[in-house]
Amino acid sequence: MRALTAAAIGLAAALALIFTVTAIGAPEGRTSPEPLLTTVPAHP
Amino acid sequence: MRRTPPGTGAHASKPRRGMRRTASLVLLGLAAFFTALSPLMRWYAFPRLAKIPPSQYQAMVLEARPATLLDYGTMKARQVPEVTIVQTLKGNVAEAHRVERASGRDVVVWDALSFVAGPDGKMVSEIPERYVFDAHSQEPVHAAGEMVDGDPVRRSGIEYKWPFLTEKRDYAYFDAQTRTSAPIHYKGTRTFHGLEVYYFEQTIPWTKVPLPKKMPVKGITPEAVQKMGTTRWYSTTRMFWVDPVTGAPVNGEELHKEELRGGQLLPGGGKVTAFAGHVKMRADYVDSTLALVKSQRTLVLLLTSYLPWGFLALGALLLAASLHLEARGRHSHSEDPAQPAVEGVVSGGP
């Protein structure tokens, strides 16, 4: 019974972690202020 | 067999056994945690976390050296040392949010511009685009504002980028000049700068296409050219070397041909090359694209391979450790002098 409880806690923790991480997601950022280019960028 | 001295071992082994039991249960819990995390990471988290950021900004420079360009003064084609195509993709975050609210999907809106410059840097053509697509699957999303050079379009297939975990198969690829999609064929696996990539090729046969809204000569409008009965035709073979993990092209080339045909500008059914050249990515942009793709590739591999397999192995190890501790606990339990079954043996010892 204790073993089952330990395994269930582990599983629940994994689910909680995954759901939290996917819910937070990646930061979206803002539209870049850089323009659409109409000149040829120079060679570096 | 080693025996515990009477009067001390029985009391000392009890807390040790309890600790082993607890440790075994903790390890079992951790084993369940990491083993469950493995498929969850690959099949639940990855499809939700892997997406194109809506704010991405990327510029690309391609060159045709040499190239053929139309001289509008003489209406004759001439060879020039180079023609440069500057392609910019700019993620429009506000528009992406607007489309997301309507569609209920994670969406990316790319405002793109293909600016073609002659050897003097002056504009040869300038085609703006708005491309709206699903941030995870790369499927096109249809929304107001989707266009090529001001003409509303309804895309199918992909454009600019392949989906994450690209497959070895043909895809439908949108051609901005013809405003239609056609298959881009998987032609095999290649090695490009040490990276294993999938090579794709698409050929668009000679097709009548709209004149660009912005013409390279002042005073000439597409409407005026159309009135004269002259039409624009285009054919291309485009090639992409695609990193299959991220779906990002690391190299691209195009055998591009454009012609003006007939009408008063070219009487007698004549035709003239407007632009022709073998367009290739500029070396510095190949390098920067490779560096970007390699860093993103590691992130995708972390979610699809490194972490899931690592967690699975760790889970198995922890389970083995837990079982080992449990077995040791039971073994010492069977030797425990405090237990009635073995007590006689211990008390009857030397």
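This report describes the overall form of chain B, its contact with chain A, and a few of its strands and residues. The structure is a predicted model.

## Overall form of chain B

Chain B contains 5 helices and 13 strands. Its radius of gyration is 33 Å, while the globule rule gives 20 Å for 350 residues, so chain B is more spread out than a compact globule. Along the principal axes, the C-alpha atoms of chain B fill a box of roughly 120 × 40 × 30 Å. Of its 350 residues, 33% count as buried. When contacts between residues at least 6 apart in sequence are considered, 61% of those in chain B join residues at least 24 apart.

The domain assignment divides chain B into domain 1 (9-45 + 303-347) and domain 2 (50-281). Domain 1 is thus written as two stretches of the chain, 9-45 and 303-347. The centres of domain 1 and domain 2 of chain B, taken over C-alpha atoms, are separated by 60 Å.

## Where chain B meets chain A

In the contact between the two chains, 35 residues of chain B meet 28 residues of chain A. On the chain B side, α1 (9-49), β1 (57-71), β3 (83-91), α2 (93-103) and β4 (107-117) each supply at least two residues. The element that gives the most is α1(B), with 14 residues. Sorted by class, this side of chain B has 23 nonpolar, 7 polar and 5 charged residues.

Chain A has a helix of its own to note, α1, which covers residues 2-24. This helix has 23 residues and reaches 33 Å from its first C-alpha to its last, close to the 33 Å expected at 1.5 Å a residue. Within α1(A), the residues A:A6, A:A7, A:G10 and A:A14 are buried. Just after the helix, A:G25 takes a positive phi of about 70 degrees.

Two residues of chain B show contacts with chain A one at a time. B:T84 is found in strand β3 of chain B. Leaving out residues up to four places away in sequence, B:T84 touches A:V40, B:V61, B:E63 and B:A117. There are 22 other C-beta atoms within 10 Å of B:T84, so this residue is buried. B:T84 and B:K280 are 196 residues apart along the chain, and their C-alpha atoms are separated by 9.4 Å.

B:N92 lies in the loop between β3 and α2 of chain B. With the same kind of sequence neighbours left out, B:N92 touches A:T31, B:V109 and B:D111. B:N92 is buried because 20 other C-beta atoms lie within 10 Å, and 20 or more is the cut-off for a buried residue. From B:N92 to B:G219 the separation is 127 residues in sequence and 33 Å in space, C-alpha to C-alpha.

## Paired strands in chain B

Strands β11, β12 and β13 of chain B are linked through two pairings, listed here.

| Strand pair in chain B | Sense | Bridges |
|---|---|---|
| β11 (231-242) and β12 (249-261) | antiparallel | 12 bridges |
| β12 (249-261) and β13 (271-281) | antiparallel | 9 bridges |

In the pairing of β11(B) with β12(B), B:F240 stands opposite B:G252 in β12(B). The hairpin of these two strands has 6 residues between the strands, and B:G247 in this hairpin takes a positive phi near 80 degrees. B:E253 has B:K280 in β13(B) as its bridge partner.

## Backbone details

A cis peptide bond joins B:R65 and B:P66, with omega about -10 degrees. B:P66 has its place in strand β1 of chain B.

B:M75 lies in the loop between β1 and β2 (76-80) of chain B. Its phi is near 55 degrees, a positive value in a residue other than glycine. B:Q138 also is not a glycine, and has a positive phi of about 75 degrees. B:Q138 has its place in the loop between β5 (123-134) and β6 (147-148) of chain B.

Are these two loop residues buried or exposed? B:M75 has 13 C-beta neighbours inside 10 Å and so counts as partly exposed. B:Q138 has 21 such neighbours inside 10 Å and so counts as buried.

How values were computed:
Residues are numbered from 1 along each chain as its sequence is written. Chains are lettered from A and ligands numbered from 1 in the order in which they are written. This is a predicted model: local features need pLDDT of at least 70, side-chain atom pairs count only at pLDDT 80 or more; totals for chains, interfaces and linings use all residues. Helices (H or I, at least four residues) and strands (E, at least two) are DSSP runs, numbered from the N terminus. The radius of gyration is taken over C-alpha atoms; the globule rule is 2.2 Å times the number of residues to the power 0.38. A residue is buried if 20 or more other C-beta atoms lie within 10 Å of its own, exposed if 12 or fewer, and partly exposed in between; C-beta atoms are placed from the backbone. Two residues are in contact if their C-beta atoms, placed from the backbone, lie within 7 Å. Ala, Val, Leu, Ile, Met, Phe, Trp, Tyr, Cys and Pro count as nonpolar, Asp, Glu, Lys and Arg as charged, and the others, Gly among them, as polar. The expected span of a helix is 1.5 Å times one less than its number of residues. Domain bounds come from an automatic or database domain assignment. Two strands pair if DSSP finds at least two bridges between them.
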